[in-house]
Amino acid sequence: ESDMAKELAELSASKEKELKETTFNFEKKVKIETEARINAETVSASTIAKLESDMAKELAELSASKEKELKETTFNFEKKVKIETEARINAETVSASTIAK
């Protein structure tokens, strides 16, 4: 009876030690997985923020480029209108001069 009690006590201690190790290993895996997920979320948030920043920069550059293009187009249009107006004035002057002769 004493040997059997001793064996049961040893088996119980062995199983308790095994259970503690299993629990410790499980908690360690959970901690590692949690840290990995937190890191992934941080990286993901950082990547999204960088993409948003890059997109905003590109949109600002595009807007500035389009604004410059619009100013150049307006300038060229105004220049053409001025040239056309001067040409018409000259033509009218020549015509009036010719008629006056």
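Q: Which label fits K66 at 46% relative accessibility: buried, exposed or partly exposed?
A: This is a predicted model, where local features need pLDDT of at least 70, side-chain atom pairs count only at pLDDT 80 or more, and totals for chains, interfaces and linings use all residues. Residues are numbered from 1 along each chain as its sequence is written, and side-chain values use heavy atoms, with hydrogens and water left out. Buried means under 20% relative accessible area and exposed means over 50%, with partly exposed in between (1.4 Å probe, protein chains only). K66 has 46%, so its label is partly exposed.

Q: Which residue does K66 form a salt bridge with?
A: Side chains of opposite charge can pair when their charged atoms come close. To count as a salt bridge, a side-chain nitrogen of Lys or Arg must be within 4 Å of a carboxyl oxygen of Asp or Glu. For K66, the closest N and O atoms are 3.7 Å apart, and the partner is E69.

Q: Where do K66 and E69 both lie?
A: Helices (H or I, at least four residues) and strands (E, at least two) are DSSP runs, numbered from the N terminus. K66 and E69 are three residues apart, about one turn of the helix, and both lie in helix 1.

Q: What is the N to O distance in the salt bridge between D54 and K50?
A: D54 and K50 are separated by about one helical turn, because they sit four residues apart in helix 1. D54 is partly exposed at 30% relative accessibility, while K50 counts as exposed at 53%. Their side chains meet with an N to O distance of 3.0 Å.

Q: Which residue meets R88 in a salt bridge?
A: R88 is exposed, with a relative accessible area of 53%. Its partner is partly exposed at 41%, and the two are four residues apart in helix 1, so about one helical turn separates them. The N to O distance is 3.2 Å, and the partner is E84.

Q: How many salt bridges turn up in the whole structure?
A: You've already met some of them, including the one between R88 and E84. Search the whole structure and the count is seven.

Q: What is the approximate area of the nonpolar patch made by M4, L8 and L11?
A: Patches take residues with over 30% relative accessible area and no salt bridge, joining like charges within 9 Å and nonpolar side chains (Val, Leu, Ile, Met, Phe, Trp, Tyr) within 5 Å. Areas come from the Shrake-Rupley method with a 1.4 Å probe, and for residues only the protein chains shown count as cover. L11, found in helix 1 (residues 2-100), is partly exposed at 47%. Together, M4, L8 and L11 make a surface patch of about 330 Å².
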